Amino acid sequence: MANSIIYGPVPSRRLGRSLGINNIPPKRCSYSCLYCQLGRTTDMQIGREAFYEPQELAQRVKDRVKQARERREPIDYLTFVPDGEPTLDINLGEEIELLRALNMQIAVITNASLLWLKDVKQDLQKADWVSLKVDAVTPRTWRRINRPHKSLKLETIMQGMLNFAETFGGELATETMLIRGVNDDIGEVRKVADFLEELRPDKAYLAIPTRPPAERVNPASEQAINAAYQTLSERLSKVEYSIGYEGNAFASTGNAVDDLLSITSVHPMREEAVAEFLKNASTDWGTVQELIDNNNLVELEYQGKKFYMHRLPAHNVKEGGRRVAQ
Ligand code: SF4
């Protein structure tokens with residue numbers, strides 16, 4: 001069993017400090033997403049398999065948790081986020097059960113393509129937090145962005161997600177990666193919003209690629225991300241960006257500039273909300289103007305209203321680090 005099977009804890013905006021579990025050898029997946037940070041899928045498969053000995057994998061996690069505790073490094077989640085699709089691991093359910101002995105929260109980040117299989121659904125039901133990929137809900141766009149295994153059917157996958165959501169007792173998240181010219185047009189986004197309204201996740205995340213992707217793709221523009229945010233927010237109570245900033249939008253630092261940038265990296269702020277924020281921070285619109293002039297903040301219009309959003313990184317693909325946060 002390779003050493004890289006457990007990594008972290010790494011900071012994750014969605015999960016706090018997450019200890020990553022890499023339960024799939026590279027790179028086995030049922031998809032070969034255009035934007036995959038692991039490159040193109042070399043082993044495309046939908047059949048589940050045993051890759052590692054569950055007892056041994058669990059022991060590795062336990063050892064790492066012990067080590068982290070000794071160093072006083074906090075861990076909020078044990079997260080299955082491997083070099084491929086985690087549900088291809090036929091032992092996933094057993095591994096989650098073995099890790100229960102640690103009395104910690106367990107998360108799985110899946111592309112959801114196998115959720116229509118009874119055993120996959122049962123395995124994921126054992127987790128505390130599950131994130132499902134919903135990049136597109138029309139077959140043509142889905143094939144273009146996720147490049148699925150040829151025997152997969154989108155309709156079956158969507159039904160699988162709906163069935164899972166009905167019975168899952170943990171926290172359900174979705175992630176929609178927005179790629180310019182592929183799935184960021186408002187027509188597709190509206191259909192995604194319709195589906196998410198039916199799915200009712202606890203939180204829907206909008207993401208863009210922040211690490212080198214498999215193919216040359218561009219993230220959606222700020223304008224398109226804002227439009228997608230507004231469209232999803234009309235139907236869902238909790239929508240957030242996950243666009244590559246790890247700032248904490250939920251803890252005020254007392255510094256108006258830092259706080260404004262943190263908040264707008266998670267969701268756009270309406271003009272009135274910004275005005276209210278400035279008033280409470282005893283500062284004025286000059287702060288906002290300076291951030292716009294310095295290319296840190298961008299002003300957007302949507303349906304006649306003004307919104308402010310953290311500007312996307314100039315080089316929106318970060319080099320280096322194999323894994324950062326999820
Ligand atoms: S589902 Fe995940 S691992 Fe598989 S190709 Fe897409 S981004 Fe990569």
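Good morning. I shall begin with helix α10, residues 285–293, which lies across β12 and β13 and runs at about 100° to β12. Please bear in mind throughout that this is a predicted model.

The strands beneath this discussion belong to one sheet. Three strands form that open sheet, in the order β11-β13-β12, and their pairing is antiparallel. Its edge strands are β11, at 269–270, and β12, at 297–302, each of which pairs on one side only. Between β11 and strand β13, residues 305–310, there are two bridges, and these two strands run antiparallel. Which residue of β13 is the bridge partner of Met269? The partner is Tyr308.

A second helix also meets this sheet. Helix α8, residues 256–264, packs on the sheet and touches β11, β12 and β13. The direction of α8 makes about 100° with that of β13.

I turn now to the nonpolar cores. As a general point, nonpolar side chains in soluble globular proteins tend to be buried together. In this model, the largest nonpolar core has 81 residues, and Val61 and Leu78 have the most contacts inside it. Helix α5, residues 154–167, supplies the largest share of this core, namely seven residues. Apart from this core lies another, of 13 residues, including Leu260, Met269, Val288 and Leu291. Met269 is thus a member of that core as well as the bridge partner of Tyr308.

Finally, let us return to Val61. What does Val61 contact, once neighbours within four places in sequence are left aside? Val61 is in contact with Ile6, Leu19, Ile21, Leu78, Leu99 and Leu102. Thank you.

Technical notes: Residues are numbered from 1 along each chain as its sequence is written. This is a predicted model: local features need pLDDT of at least 70, side-chain atom pairs count only at pLDDT 80 or more; totals for chains, interfaces and linings use all residues. Side-chain values use heavy atoms; hydrogens and water are left out. A nonpolar core is a set of buried Ala, Val, Leu, Ile, Met, Phe, Trp, Tyr and Cys residues joined through side-chain atoms within 4.5 Å. Buried means under 20% relative accessible area, exposed over 50%, partly exposed in between (1.4 Å probe, protein chains only). Helices (H or I, at least four residues) and strands (E, at least two) are DSSP runs, numbered from the N terminus. Contact means heavy atoms within 4.5 Å. Two strands pair if DSSP finds at least two bridges between them. Axes are lines fitted to C-alpha atoms, for helices over the stretch in contact, and angles run from 0 to 180 degrees between N-to-C directions.
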